[in-house]
Amino acid sequence: MKSTVLSRIDEIAPRIRAVAGAIGARPELGNEEFFACETLTVALESYGFAIRRHPLGLPTAFIAELDSGKPGPTIAFLAEYDALPDIGHACGHHLICSMSVAAAVGLSAALDRIGGKIRVYGTPAEETKGAKVLMAEAGLFRDCSFALMAHPYYAFEKSGSSMAMDALRFEFRGKTAHAAANPEDGVNALDAVLQLFNGINALRQQTKPDARIHGVITNGGKAPNVIPDYACADFYVRAATRAYTNELADKVKRVAEGAALMTGCTLEMSNYEFSYDELRTNETLSNAFTAALVELGVPESSILRGDDHGSLDLGNVSLQCPAAHPFVQVVDEKYALHTIEFRDAAMKDRAFEGMLLGAKALAATAYECASSPATLQAIREEFERTVAE
């Protein structure tokens, strides 16, 4: 039966290539992915999936479902399709979404046997205000037996971890004055931002090794002879766990309050993007994906151990249901993600071949896990133990 699943992916390969190519050639920023959303839902609908459009009022999100009408697991494949500003699909999200669609359609060939449901979640804006955060908060993944997606990369890599993250904005307001004629009448908002950076630089000496605090000044004034009455800085605060991220964010906020007090400014703090939780990879699920890759001809010695690649909104999903986020090789050069070189390579035939191999590995993983009650139980038990910790 698994061979039927893989053969189905071969059958639909020309269309999946076309979908990936079309989305890759027309990059759209987060929550503006109207073309990608329509392209994916039209394809899934043609393969028999029922489409729920705009869940939670998100205009470019969707949930596609194929129900066997029989008891069984609910299997989720996650699709990302937002691009990056200026450099387009330099993270390969056109391959991620196409891979998940191909895996879902491939697995559908065995749905009558395994029972249950197959879902594809269309999750916009992973790079910024990730829709998975809202979906997880609304409990949309709680009934899933497990959730899978694979990320394009320059190598094969096991699902690892990601950092929890808060996106903090600090806006300082002071009083404008002529910087030469009457500087004593001004309250310098830029000085407050500079003190914020100085305080955070000092704070770094007392943070754990897994912590990351990095920011930019988004507004620092308009002219050097005018004391700025407004200045703004955006920061990402990250750490290995949500608990330590919360602790660190509180310290950063106190630094900002001190900077305001020192300069006489007022301060407004906000979150300018959603907070991401750490990814807790389900190792049982991850090992099944590795086994599927090996069965498809990938040497196990070439599969890298799971690493930390920043922050993912999949982390929020992994606290709601078992999840894994492995990486699949789609380029042969060691191009980094979020670069023009990776973007260009990710539109070549080699990348599409890697995408289809990844789709087969996802589908085979889902089939093996869904077909084994013992494996499903092991996945669930690990998830409950990990979340409890």
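**View 1. The whole chain, of whose 389 residues 53% are buried (under 20% relative accessible area, with over 50% being exposed and values in between partly exposed; 1.4 Å probe, protein chains only).** The model is predicted, so that local features need pLDDT of at least 70 and side-chain atom pairs count only at pLDDT 80 or more, whereas totals for chains, interfaces and linings use all residues. Residues are numbered from 1 along each chain as its sequence is written, and side-chain values use heavy atoms, without hydrogens and water. The C-alpha trace spans about 80 × 45 × 40 Å along its principal axes.

**View 2. The surroundings of Asp277, a residue of the loop between β12 (266–271) and α8 (283–295), where helices (H or I, at least four residues) and strands (E, at least two) are DSSP runs numbered from the N terminus.** Asp277 counts as buried, at 17% relative accessibility. Leaving aside residues up to four places away in sequence, Asp277 touches (heavy atoms within 4.5 Å) Ser162, Met163, Ala164, Arg242, Leu312, Gly315, Asn316 and Leu319. With the side chain of Arg242, the side chain of Asp277 makes a polar contact of 3.0 Å (N or O atoms within 3.5 Å; within protein, one able to donate a hydrogen and the other to accept it, and residues adjacent in sequence counting only if both atoms are side-chain atoms).

**View 3. Cysteines in a structure where a search of the whole finds zero disulfides (pairs of cysteine sulfur atoms within 2.5 Å).** Cys97 is in no disulfide, the nearest cysteine sulfur being that of Cys37, 10 Å away, and Cys97 is buried at 0% relative accessibility. Cys232 is likewise in no disulfide, with the nearest cysteine sulfur, that of Cys265, 13 Å away; Cys232 is buried, its relative accessible area being 4%.
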